[in-house]
Structures are given as C-alpha cells and as structure tokens.
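Here is my note on the chain you asked about. Please keep the structure open and check each point against it.

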Amino acid sequence: PPGFVPSPPGFNPAQPMRVVDPATGQTMQVTVPNGVKPGGQFQVQFPAPAPVVQAPAQGQVVHVQGQVVHQAVAPASSATRRCRGCGIQFELDAKTNPASAAAFRCKKCRQISFSNFF
C-alpha cells in the first residue's frame with residue numbers, strides 16, 4: 001500500500017534513505033525522488049503485508065492450490081503394516097502369519113467381522 005514519507009533535512013534528490021513501514025515495522029531503503037526538497041513529502045509503495053493464515057477447524061474441508069510436495073517417510077520395518085481397515089500403522093505380532101488376511105488389519109479391525117453387521 002502507498003504511504004507518504006517526509007524527506008529529512010540534509011537529504012537531496014537521488015539520495016537513498018531508510019523508511020519504516022508503519023503497518024509491519026520493517027525497514028526498507030528508498031531513493032528521494034527528483035524535485036523533492038528537504039522537508040517535502042513523497043509517496044512510497046510499501047509491500048503488501050503477508051496474508052494471515054488461519055488453521056482450519058477439525059472436519060472443515062480445505063481447498064488447496066499449488067504443487068504437491070511429498071515428504072520422505074522413514075522406512076518401515078517388515079513387521080510394520082498399514083491397516084486396510086482404518087489406515088493406522090501397526091506392528092505385526094510374531095503369532096500372525098504374514099501371508100494371512102489378518103496380517104493386513106490391526107487388532108481392533110480384526111475383531112470386526114461382517115457377521116456383526118447382519
């Protein structure tokens with residue numbers, strides 16, 4: 001946003017000076033424009049303040065634009081699985097056959113069967 005700043009005494013046109021953005025408190029360097037005498041004012045274009053980002057409420061749908069960046073995930077051990085029922089990671093216990101269907105569900109999801117729904 002634009003703002004007006006005074007040219008301090010002793011500063012001449014084409015001379016650099018530092019000004020403080022009243023909105024952010026950040027200092028930036030500007031050049032006194034030609035035709036502005038010491039004590040006169042000139043317009044400065046301050047950078048727009050950074051937008052304030054609020055965290056979405058739990059359960060709120062968030063629309064995202066831009067590039068998706070994948071984070072590196074630590075390699076899981078062979079005994080670590082992701083449950084096909086609820087999606088959480090769990091450790092496969094030594095008693096479960098790693099080739100069985102039970103090896104792909106956590107203990108909580110293994111307890112749920114379709115007969116519970118009928």
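**Notes on the fold**

1. Start with a single pair. Pro6 has Gln41 in β4 as its bridge partner. The pairing of β1 with β4 is antiparallel and has 5 bridges. Bear in mind that this model is predicted.

2. Now look at the two faces of β1, which covers residues 2-6. Gly3 and Val5 are on the covered face. Pro2, Phe4 and Pro6 are on the uncovered one. Pro6, the residue bridged to Gln41, is thus listed with the uncovered face.

3. Step back to the whole chain. The chain has 1 helix and 6 strands. Their order along the sequence is β-β-β-β-β-β-α. The strands come before the helix in this pattern.

4. Next, the hairpin. β2 and β3 form it, with 6 residues between them. The two strands run antiparallel and are joined by 5 bridges. β3 spans residues 27-31. Within this pairing, Val19 stands opposite Met28 of β3. In the turn, Gly25 has a positive phi of about 80°.

5. Which residues make up the largest nonpolar core? There are 9: Val5, Met17, Val19, Val30, Val32, Val36, Phe42, Val44 and Phe46. Two elements give two or more residues to this core, β2 (16-20) and β4 (41-45). In soluble globular proteins, nonpolar side chains tend to be buried together.

6. Follow Val5 into that core. Val5 touches Val19, Phe42, Val44 and Phe46, which are core members too. Val5 also touches Gly40 and Gln41. These contacts leave out residues up to four places away in sequence. Recall that Val5 is on the covered face of β1.

7. Another core lies apart from this one. That core has 6 residues, among them Cys83, Phe90, Ala103 and Cys109.

8. Two loop residues deserve a look. Is Ala14 buried or exposed? Ala14 counts as exposed because its relative accessibility is 54%, above the 50% cut-off. Ala14 lies in the loop between β1 and β2. Its phi is near 70°, a positive value in a residue other than glycine.

9. Pro33 is the second. Where is Pro33? Pro33 is in the loop between β3 and β4. Pro33 counts as partly exposed because its relative accessible area, 31%, falls between the 20% and 50% cut-offs. Beyond its neighbours within four places in sequence, Pro33 is in contact with Pro13 and Phe42. Phe42 belongs to the largest nonpolar core. Pro33 and Asn12 are 21 residues apart along the chain, and their C-alpha atoms are separated by 8.6 Å.

10. Turn to Phe104. The charged end of Arg84 sits over its ring, 4.1 Å from the centre. Arg81 also lies over the face of Phe104, at 4.8 Å from the ring centre. How many aromatic pairs are there? The count is 0.

11. Finish with the totals. The chain has 118 residues, and 18% of them count as buried. About 9800 Å² is exposed, with 57% of it supplied by carbon and sulfur atoms. Take the contacts between residues at least 6 apart in sequence: 34% of them join residues at least 24 apart.

Note on methods: Residues numbered from 1 in each chain as written. Heavy atoms only, no water. Phe/Tyr/Trp six-rings, centres within 6.5 Å; stacked < 30°, edge-to-face > 60°. Lys NZ or Arg CZ within 6 Å of the ring centre and 35° of its normal. Core = buried A, V, L, I, M, F, W, Y, C linked by side-chain atoms within 4.5 Å. Buried < 20%, exposed > 50% of the residue type's maximum accessible area, 1.4 Å probe, protein only. Helix = DSSP H or I, 4+ residues; strand = E, 2+ residues; numbered from the N terminus. Contact = heavy atoms within 4.5 Å. Pairing = 2+ DSSP bridges. Areas by Shrake-Rupley, 256 points an atom, 1.4 Å probe, with all protein chains shown as cover.
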